[in-house]
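The following exercises are to be worked through with the sequence and the structure in view. Each task is followed by a solution in steps.

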Amino acid sequence: MNQHRRPISIIAVSAILLMAASLACGAAAKPDLNPRATPSATVSGEGTLIFQSRRDGNYELYRVQADGTGLANLTNDPGNDMFAVWSPDGKQIAFNSDRSGQWNLYVMNADSSNPRRLHGLKGAGRPAWSPDGKWIALSADLIINADGSGEKRVTAGNGGACSLPAWSPDGVHIACQAPYNRIAVRNVDLGQTTYLKVRRINESPAWSPDGTRIAFLAYDTGFSGYTDIHTVNPDGSRLTTLTDNQTNNEKPVWSPDGARIAYITRQYGKAEIQVMNADGAGKIRLTYNDLEETELAWSPDGTRIAFAARPVQTATLRPGQSAPPSGLFIINADGSAQIQLAASGDGGLSWQPIAP
């Protein structure tokens, strides 16, 4: 009797041990729910990123490679140099500077040589190159030739300024923030304007890569005041609300293939980066940092997202006091392999376009 039971006991014990080993393997394979940046992490692909930093006391422009190497200073003068943007061919950089005592638009070569003043500005703001590289839209209501000659006024119908300009991929329209908290879509040549307004305040228009949709954020003033991301056709039709979770969602950025939108959300108690499909489905949280993400930008090949982040601010700033310094990071678009590119990077992110 006992001779027959012994093999059964051995089999039972073996099964239990195998099950325990399997469970242990499963536990070891569980993903880290709070990944941290590690210098040894690898990031796929290549790319050059420019950004602005106050590490030397005033804003200067820098460039760095996507693997964290090649950090270089592009500007070095007593003024502030900000909001640098690569030209579509990746050979020039447009930026704002107050080095002369007032704000002006400058353009320099990709290696930082030959900086030249193109036009005066009312204030600092991100310029926007036309897709063909022939025009630059300023932060106010004006576009100029990329060599500084010739100009066109781009006002929002009623004569108000058109700020934060964004070119359509075909170069025919500019979407911008118009007076009365509306988004204007203006035909550059014909001057025809369509206004988009979902709630009381509408901001940050961003064109899909195929030019068929515009992503933007909207919010109501008052107690709730939550910001949500929407998409709409350029003619104002087919409005779609992509976020509606009673928190702030902002700064939508399309992936290069137009299939996804990355944005900053506060649904986790502080600013984090999340990605969703273009229709709002499939939301995935990318960052789990003890930081506040402030700005993001897709790499041209769509494999990575660069972002600026700063320590979580717990105290109210006193007059004249600055927010904690930011850092510049990069992460794969699936949330893996986050690394820090620079210890001080205050945003103004722009990726050099991929050469055709």
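**Exercise 1.** Determine whether arginine 54 and aspartate 346 are buried, partly exposed or exposed, and describe the contact between them.

*Solution.* Step 1. Buried means under 20% relative accessible area, exposed means over 50%, and partly exposed lies in between (1.4 Å probe, protein chains only). Arginine 54 has a relative accessible area of 30%, so it is partly exposed. Aspartate 346 counts as buried because its relative accessibility is 16%.

Step 2. The model is predicted: local features need pLDDT of at least 70 and side-chain atom pairs count only at pLDDT 80 or more, while totals for chains, interfaces and linings use all residues. Residues are numbered from 1 along each chain as its sequence is written, and side-chain values use heavy atoms, with hydrogens and water left out.

Step 3. A salt bridge is a side-chain nitrogen of Lys or Arg within 4 Å of a carboxyl oxygen of Asp or Glu. Arginine 54 and aspartate 346 form such a bridge, with their closest N and O atoms 3.7 Å apart.

Step 4. The two residues are 292 residues apart: arginine 54 belongs to the loop between β1 (48-53) and β2 (60-65), and aspartate 346 to the loop between β27 (339-342) and β28. Strands here are DSSP runs (E, at least two residues), numbered from the N terminus.

**Exercise 2.** State how many salt bridges the rule gives, and examine further examples.

*Solution.* Step 1. The count comes to eight salt bridges.

Step 2. Lysine 152 and aspartate 189 meet at 3.0 Å, N to O. Lysine 152 lies in β11 (151-153) and aspartate 189 in the loop between β14 (182-187) and β15 (193-196), so the pair ties together parts that are 37 residues apart in sequence. Lysine 152 is partly exposed at 29% relative accessibility, whereas aspartate 189 is exposed at 61%.

Step 3. Glutamate 272 and lysine 270 meet in a salt bridge at 2.4 Å, N to O. Glutamate 272 is buried, with 0% relative accessibility, and lysine 270 is buried at 16%.

Step 4. A network of salt bridges links Asp77, Asp81 and Arg99.

**Exercise 3.** Describe how strand β1 is covered and which strands it is joined to.

*Solution.* Step 1. Six of the six residues of β1 are buried. Thr48, Ile50 and Gln52 lie on one side, and Leu49, Phe51 and Ser53 on the other; both faces are covered.

Step 2. Two strands pair if DSSP finds at least two bridges between them. Six bridges join β1 to β2, and the two run antiparallel; threonine 48 stands opposite glutamine 65 in β2.

Step 3. The hairpin of β1 and β2 has six residues between the strands, and there glycine 57 takes a positive phi near 105°.

Step 4. β1 is also joined to β28 by two bridges, again antiparallel. Here leucine 49 stands opposite tryptophan 351.

**Exercise 4.** In what order do the strands of the open sheet containing β4 and β7 follow one another, and which stand at its edges?

*Solution.* Step 1. The order is β4-β5-β6-β7, with antiparallel pairing.

Step 2. The edge strands, β4 (81-86) and β7 (116-120), each pair on one side only.

Step 3. Four bridges join β6 (104-109) to β7. Leucine 105 has histidine 119 in β7 as its bridge partner.

**Exercise 5.** Which strands form the open sheet containing β12 and β15, and what is found at its edges?

*Solution.* Step 1. Four strands pair antiparallel in the order β12-β13-β14-β15.

Step 2. β12 and β15 each have a single partner strand, so one side of each is left without a neighbour in the sheet.

Step 3. β14 and β15 are joined by four bridges, and alanine 184 has tyrosine 195 in β15 as its bridge partner.

**Exercise 6.** Locate isoleucine 214 and state its separation from threonine 231.

*Solution.* Step 1. Isoleucine 214 lies in strand β17 (214-219) and is buried, with a relative accessible area of 0%.

Step 2. Isoleucine 214 and threonine 231 are 17 residues apart along the chain, and their C-alpha atoms are separated by 5.3 Å.
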